[in-house]
Amino acid sequence: MAIFFSYLQGLLLGFSLIIAIGAQNLFVFNQGLVGKYVMIVCLFCSLSDALLILIGYSGLYLIIENNVILQNFIILIGFLWLLGYGVLKIREGMYFDQESNLNIQISHTNNRNLYKTILAISGITWLNPHVYLDTVFLIGSISNSCLLYTSPSPRDVEESRMPSS
């Protein structure tokens, strides 16, 4: 029964992080709407998230836990990244024509080949500080805080978080 609750806790944590639409989720949704390389993008994101969760589970967050300057730097970089990405997506995706109608343009996404798609999702995944905050720090700290309890084990939480990714 403890394994089931561990699995459920990790699964719900994973779903709660997916609900918040970040840069990576936005890119995956966009690829799904375009219909090009959807499976490859989803596989890349799942494997990347699983690796980042494993890094968090291994305790990398402990290095940053006691360094306030590094924490503030990571928060600032994450804020600037998301702000810049949001502005760029709005600017490239929408424009007002002369009649003030809102048009959404996805032609640039349709012309993206597999190499450019992988390069884009790699940058969004591995250069996005928000991904590190969610996977390495949040999930890593939660899973390692389970060491204080007999159940659920941190490994159970991590194994149940990965399917929801």
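**Exercise 1. Contacts along the chain**

Among contacts in the chain between residues at least 6 apart in sequence, what percentage join residues at least 24 apart?

*Solution.* Keep in mind that this is a predicted model. Start with the contacts between residues at least 6 apart in sequence; of these, 73% join residues at least 24 apart. For an example of residues far apart in sequence, take Phe 44 and Ile 118: they sit 74 residues apart along the chain, with 8.2 Å between their C-alpha atoms.

**Exercise 2. Lay out the elements**

Work out how many helices and strands the chain has, and in what order they come.

*Solution.* Count first: there are 9 helices and 2 strands. Now walk from the N terminus, and you read α-α-α-α-α-β-β-α-α-α-α.

**Exercise 3. Place Phe 44**

Find the helix that holds Phe 44, then list its contacts beyond the neighbours within four places in sequence.

*Solution.* Phe 44 belongs to helix α3, which covers residues 38–57. Next, set aside the neighbours within four places; Phe 44 then touches Ile 121, Ser 122, Thr 125 and Trp 126.

**Exercise 4. Look at Tyr 37**

Say where Tyr 37 lies, what its phi is, and how its accessibility is classed.

*Solution.* Tyr 37 is in the loop that links α2 (23–34) to α3. Its phi is positive, about 55 degrees, even though Tyr 37 is not a glycine. Most residues other than glycine have a negative phi. As for accessibility, Tyr 37 counts as partly exposed because its relative accessibility is 27%, and that class runs between the 20% and 50% cut-offs.

**Exercise 5. Buried share and surface**

What share of the 165 residues is buried, and what area does the chain expose?

*Solution.* Buried residues make up 34% of the 165. The chain exposes about 10,200 Å², and carbon and sulfur atoms supply 70% of that area.

Conventions
Residues numbered from 1 in each chain as written. Predicted model: local features only at pLDDT ≥ 70, side-chain atom pairs only at ≥ 80, totals over all residues. Heavy atoms only, no water. Helix = DSSP H or I, 4+ residues; strand = E, 2+ residues; numbered from the N terminus. Buried < 20%, exposed > 50% of the residue type's maximum accessible area, 1.4 Å probe, protein only. Contact = heavy atoms within 4.5 Å. Areas by Shrake-Rupley, 256 points an atom, 1.4 Å probe, with all protein chains shown as cover.
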